[in-house]
Amino acid sequence: MITRDMTTPQCCAGCRLQPQVCICADAPRLDVSTRLIVIIHSKEWRRSTNTGYLARLATKDGEVRLHGAPHRTVSDAGIDAVSPSTLVLFPGRGAQPLTAEHIAALPRPLTLLVPDGNWNQTQHMMRRVPMLSQARPVSLAGSSLDFHNLRRNTFANRMSTFEAIAHALGILEGTTTADHLLGFFRQVLSRMVQNQRRAKRRHFT
């Protein structure tokens, strides 16, 4: 679990936005039965466009762990990677489509691991991090929704980490969960745009 804040002093430690547009009070903090753990690449963690960290705001017990920090190994505490109930969300070779039928026979509770980084970083993490390489890979079907893009995305079937989490939990927990998470994500994106505009105004004044 990340315990040290890596945001800039003038930003909220929870949502990384400026206090005027802080989104923390609107976070749903959903109580889900699936254990959600996002493993963020250390280079991705510092990027303002990262969305994986929002898992801690959106779900009551969502965890974020850091991979790639100097002289530090990502913690696998409390994770039984070889359990049939431990899934890793990664659309690589051998991944099973995440569907209600696929998970119906799996023993509960489920654990969902989500590697967070660019494509090369997550591929590397899947090979090098034992809890990711040993867990059962699952993938999402369908394309990204019509969200404001924080980054240029060449492939229509790729989406931000948080959007992928929302869709995955929608399958694991029900459509109401996905609706709450995606509604929160729309608010976050709107606040991020406001945050960027405020930063630009400060730069030019």
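**Exercise 1.** Is Cys24 buried or exposed? While you're there, work out how many disulfides the model has.

*Ground rules.* This is a predicted model, where local features need pLDDT of at least 70, side-chain atom pairs count only at pLDDT 80 or more, and totals for chains, interfaces and linings use all residues. Residues are numbered from 1 along each chain as its sequence is written, and side-chain values use heavy atoms, leaving out hydrogens and water.

*Solution.*
1. Buried means under 20% relative accessible area, exposed over 50%, partly exposed in between (1.4 Å probe, protein chains only). Cys24 sits at 19%, so it counts as buried, whereas Cys22, at 27%, is partly exposed.
2. A disulfide takes a pair of cysteine sulfur atoms within 2.5 Å.
3. For Cys22, the closest cysteine sulfur belongs to Cys24, 3.7 Å away, so it's too far for a bond. For Cys24, the closest is in Cys12 at 3.5 Å, again too far.
4. The tally by this rule: zero disulfides.

**Exercise 2.** Find the strand order of the six-stranded open sheet, then place E6's partners.

*Solution.*
1. Helices (H or I, at least four residues) and strands (E, at least two) are DSSP runs, numbered from the N terminus; strands pair if DSSP finds at least two bridges between them.
2. The order reads E2-E1-E5-E3-E6-E4, with parallel pairing. E2 (63-67) and E4 are the edge strands, each pairing on one side only.
3. E3 (residues 86-89) joins E6 (residues 136-139) through three bridges. Leu87 partners Arg136, and Leu89 partners Val138.
4. E4 (residues 96-97) pairs with E6 over two bridges, with Pro97 facing Ser139 as bridge partner.
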